[in-house]
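Colleague: I'm new to this structure and would like a close look at just one part of it. Could you pick a place where two helices meet and walk me through it?

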Amino acid sequence: MGTFKRREFMSKKATIILLALLLPALSWANKSDSMKAINQAKVLIETAERNDASKHAPYLLKSSRDQLAKAQLRVEDREWVDAEIAAKMAQRDAEVADAKSRAMKAEKSYQDLKAVVDLLKNELQHKRSMQ
């Protein structure tokens, strides 16, 4: 083997060894990222549930749960990237469900407060008209 071919062979061998050493680290990073995304999705779903998203945004909450289940299946199949994508979609749906639920509750609070203010105005007008 000539010097050039020997260097080329050693270079290929070094590249293969380097890839073999880095590949598990890369897959672990993807697994770690997907597990973090799944855990975050779980927390966001629980938050949305506590804020009555099942009442105010049932479709979005169901979609979030479905995406979370999909992410968990992808983890079982060791499809880390797909798992992370599904988990991020679950996060997004849970966040929107939570925001919609909080907005609906705020709207109801506003309407209740407005009704009380209107009642007080009417009582005040009634008292003024009796004087």
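Modeller: Here is a walk through one helix pair and the core beside it. Keep in mind that this is a predicted model. The pair is helix 3, residues 58–76, and helix 4, residues 80–130; their axes come within 8 Å and cross at roughly 165 degrees. Angles over 145 degrees count as roughly antiparallel, so that is how helix 3 and helix 4 lie to each other. Their crossing is left-handed.

Now for who does the touching. On the helix 3 side, the contact includes Leu-60, Leu-61, Gln-67, Leu-68 and Arg-74, while helix 4 brings residues including Trp-80, Ala-90, Asp-93, Val-96, Ala-97 and Lys-100. Sorted by type, the residues of this contact come out as 14 nonpolar, three polar and five charged.

Take Leu-60, which sits in helix 3. Leaving aside residues up to four places away in sequence, Leu-60 touches Asp-93, Val-96, Ala-97 and Lys-100. Leu-60 and Ala-97 are 37 residues apart in sequence, yet their C-alpha atoms are 5.4 Å apart in space.

Leu-68 is another good one to find. With the same neighbours in sequence left out, Leu-68 touches Ile-38, Ala-41, Lys-42, Ile-45 and Ala-90. Leu-68 and Ile-38 also have the most contacts inside the largest nonpolar core, a group of 19 residues. Helix 1 (3–50), helix 3 and helix 4 are the elements that each give two or more residues to this core, and helix 4 gives the most, with seven.

Methods. Residues are numbered from 1 along each chain as its sequence is written. This is a predicted model: local features need pLDDT of at least 70, side-chain atom pairs count only at pLDDT 80 or more; totals for chains, interfaces and linings use all residues. Side-chain values use heavy atoms; hydrogens and water are left out. Axes are lines fitted to C-alpha atoms, for helices over the stretch in contact, and angles run from 0 to 180 degrees between N-to-C directions. Helices (H or I, at least four residues) and strands (E, at least two) are DSSP runs, numbered from the N terminus. Angles under 35 degrees count as roughly parallel, over 145 as roughly antiparallel, 65 to 115 as roughly perpendicular and the rest as oblique. A crossing is left-handed if the near helix is turned anticlockwise from the far one by less than a right angle, and right-handed if clockwise. Contact means heavy atoms within 4.5 Å. Ala, Val, Leu, Ile, Met, Phe, Trp, Tyr, Cys and Pro count as nonpolar, Asp, Glu, Lys and Arg as charged, and the others, Gly among them, as polar. A nonpolar core is a set of buried Ala, Val, Leu, Ile, Met, Phe, Trp, Tyr and Cys residues joined through side-chain atoms within 4.5 Å. Buried means under 20% relative accessible area, exposed over 50%, partly exposed in between (1.4 Å probe, protein chains only).
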